[in-house]
Amino acid sequence: MESGAHLREPFLERFPAGQLPALSHGPDLNVFESGAVLLYLAELAGELRDARGRADAASWVLFANSTMGNALYIPHMRERGMPKVMGALERALQSRPHLAQSGDFGVADVAVGSLLLYLPMMFPDLDVSGWPGVVEY
């Protein structure tokens with residue numbers, strides 16, 4: 001990133017947004033955006049067996065990358081957004097150990113969990129104790 005190679009050709013030819021993460025798989029497949037990379041890898045690994053599983057995974061990955069990311073990491077959105085997002089996670093985790101409707105660990109947990117893991121590093125004074133299921137998760 002420091003060299004700026006991601007902002008020049010040939011990187012931009014494969015990844016027009018010039019951002020990371022980015023994944024090339026074979027000569028003709030280029031995937032960018034973290035959620036798209038996660039979903040592609042989950043598909044390759046056989047996690048997403050049918051349309052229902054793909055929809056469930058996509059719902060949580062997009063929730064993490066948009067709704068949750070904005071609510072937790074954009075300061076002026078946190079007061080209203082954080083209770084909504086954390087409440088949704090708390091409700092989902094009441095009935096299963098992981099986010100997928102199957103209850104199995106998967107791509108949804110990677111997307112959501114990665115954002116949750118950064119919270120104490122970026123906001124050490126942020127109190128999440130009101131959501132004990134999320135804290136335990």
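Student: In this predicted model, are W60 and F63 buried or exposed?
Tutor: Both W60 and F63 are buried. That label calls for a relative accessible area under 20%.

Student: What makes F11 and F15 count as buried?
Tutor: Let's use that cut-off of 20%. F11 has 19% relative accessibility, so F11 counts as buried. F15 has a relative accessible area of 4%, so F15 is buried too.

Student: How many aromatic pairs are there?
Tutor: There are three in the structure. One of them joins F11 and F15, with 4.8 Å centre to centre and 40° between the planes.

Student: Why is the pair of F11 and F15 called tilted?
Tutor: Stacked planes are under 30 degrees apart and edge-to-face planes over 60. The 40° of F11 and F15 fits neither, so the pair is tilted.

Student: And what kind of pair do W60 and F63 form?
Tutor: Their planes stand at 85°, which is over 60, so this pair is edge-to-face. The ring centres are 5.3 Å apart, within the 6.5 Å limit for pairing. W60 and F63 are also three residues apart in helix α3, so about one helical turn separates them.

Student: How do you know that the charged end of R78 sits over the ring of F123?
Tutor: The distance to the ring centre is 4.1 Å, and the limit is 6 Å, together with an angle within 35 degrees of the ring normal. R78 is also among the buried residues of α4.

Student: Where is the kink in α4?
Tutor: It lies at G81, shortly before the proline P83, and is about 55°. G81 is another of the buried residues of α4, whose cover includes α3, α5 and α6.

Note on methods
Residues numbered from 1 in each chain as written. Predicted model: local features only at pLDDT ≥ 70, side-chain atom pairs only at ≥ 80, totals over all residues. Heavy atoms only, no water. Phe/Tyr/Trp six-rings, centres within 6.5 Å; stacked < 30°, edge-to-face > 60°. Buried < 20%, exposed > 50% of the residue type's maximum accessible area, 1.4 Å probe, protein only. Helix = DSSP H or I, 4+ residues; strand = E, 2+ residues; numbered from the N terminus. Bend = angle between axes of the 7 residues up to and from the residue. Contact = heavy atoms within 4.5 Å.
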